[in-house]
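Me: Please show me the structure, so that I may ask how its descriptions are justified.

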Amino acid sequence: MIHPTAIVHPQAKLHPTVSVGPYAVIDAEVELGADCVVGPHVYLTGRTSIGRGNKFHAGCVIGDAPQDLKYKDEPTNLRIGDHNVFREHFTVHRSTKPEDATIIGSNNLLMVNAHVGHNCVVGDQVILANGALLGGHAVVQDRAFISGNCLVHQFTRVGTLAMMRGGAAISKDLPPYCVALRENEICGLNTVGLRRAGFSAEQRLELRRLYHFLFRGGMMFRAAVDGAREKFTGDGAKAVLEFVAVAKRGVCADSGGGAREGGEEKSGEE
């Protein structure tokens, strides 16, 4: 199951069912679970733990050193769950400190030339399309969809079932279920994703009303959040309100939201 041209360190821990293709390199502290497939010219390095059923296409670099000037060659960590697909030339870097980890969950599709930076946390059933880039310490929650050539600034969060349109860039948090476009703008809900996730018509209606209340109601954003807590009580609404309440970088603003009189900030901005 290991191609004769592959280089596998004798200390690496590979399940007997792992397949390793031509010219792949696997370093000493790598652990690979059952039924993983490592394609040609893949490089697995660092203190990297990989679950079962993962597929690495040609040229992936998994677990290399973080791109951080503060990093001092410590043995740092990357943890990967189960049944992920890593397409050609995908890269992910391990954490900057030994006590931390970069984390990728399970059942994700990570496409060609996408990148996950050091200390990122990627949930489950996430899609990163071709060329999507996550800066260090970014968080992407379950079932988010980040389209081609999107940019996520370091320390920025993407909420569950959120979607970024192609080429969008965010340096503020993208709330759950919302659609991002251009730069730090949102334009409504990911209704297709909500339907596919099993949200009922009533749940979707509440989320739509919440969206209008928060982002198009003309209120100062923190006041809108406080007011929404009493009006919207469904699980989806609570997830949105909990997410935006702890935002440290601000929250993306609605692309068509009206400013308050006197030039005050639009809802969704800080």
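The exchange below concerns a predicted model and takes up its sheet, its strand pairs, a helix, a cavity and a pocket.

Me: What makes the sheet of nine strands an open one, and which strands stand at its edges?

Reply: The order of the open sheet is β1-β4-β7-β10-β13-β16-β19-β22-β25, with parallel pairing. At the edges are β1 (7–8) and β25 (169–170); each has a single partner strand, so one side of each is left without a neighbour in the sheet.

Me: How do you know that β10 and β13 are paired, and which residue stands opposite Asp64?

Reply: Pairing requires at least two bridges between the strands. Strand β10 (residues 61–64) and strand β13 (residues 91–93) run parallel and are joined by three bridges, so the requirement is met. Opposite Asp64 stands His93 in β13.

Me: What makes β8, β11, β14 and β17 count as paired, each with the next?

Reply: The same cut-off of at least two bridges applies. Strand β8 (residues 47–50) pairs with strand β11 (residues 77–80) in the parallel sense over four bridges, and Arg47 stands opposite Asn77 in β11. Four bridges also link β11 to strand β14 (residues 101–104), again in the parallel sense; here Leu78 has Thr102 of β14 as its bridge partner. Between β14 and strand β17 (residues 121–122), which run parallel, there are two bridges, and Ile104 has Val122 of β17 as its bridge partner. Two bridges satisfy a limit of at least two, so β14 and β17 count as paired.

Me: How do you know that the length of α2 agrees with what a helix should span?

Reply: The expected span is 1.5 Å times one less than the number of residues. For the 15 residues of α2 this gives 21 Å, and the end C-alpha atoms are 21 Å apart, which agrees.

Me: Why is one side of α2 called its buried side?

Reply: Buried means under 20% relative accessible area. In α2, the buried residues are Arg204, Leu207, Leu210, Tyr211, Leu214 and Phe215. They cover an arc of only 120° around the axis, which puts them on the same side of α2. On the face turned away from that side are the exposed residues Glu202 and Arg209, where exposed means over 50%.

Me: What makes the largest cavity a cavity, and what makes its lining nonpolar?

Reply: In a cavity a 1.4 Å probe fits but cannot get out. The structure holds one cavity of 30 Å³ or more, and the largest has a volume of about 40 Å³. Its lining consists of Pro176, Cys178, Leu189, Leu207, Leu210, Tyr211, Leu214, Phe215 and Val240. By class these are nine nonpolar, no polar and no charged residues. Helix α2 (residues 201–215) gives the most to this lining, with five residues.

Me: Why is the other space called a pocket, and how is its lining made up?

Reply: A pocket is an open set of points, so the term differs from that of a cavity, where the probe cannot get out. The largest pocket has a volume of about 230 Å³. Its lining has seven nonpolar, three polar and two charged residues. Among the lining residues are Gln125, Arg143, Phe145, Met163 and Arg196. Helix α1 (residues 191–196) gives the most to the lining of this pocket, with three residues.

Definitions and conventions
Residues are numbered from 1 along each chain as its sequence is written. This is a predicted model: local features need pLDDT of at least 70, side-chain atom pairs count only at pLDDT 80 or more; totals for chains, interfaces and linings use all residues. Side-chain values use heavy atoms; hydrogens and water are left out. On a 1 Å grid over the protein atoms alone, a cavity is a set of points where a 1.4 Å probe fits but cannot get out, and a pocket is an open set with protein on both sides within 12 Å along at least five of seven lines; lining residues have an atom within 4 Å of a point. Grid points are joined across faces, edges and corners, and a volume is the space filled by probe spheres set on the points. Ala, Val, Leu, Ile, Met, Phe, Trp, Tyr, Cys and Pro count as nonpolar, Asp, Glu, Lys and Arg as charged, and the others, Gly among them, as polar. Buried means under 20% relative accessible area, exposed over 50%, partly exposed in between (1.4 Å probe, protein chains only). The arc is that of the directions from the helix axis to the C-beta atoms.
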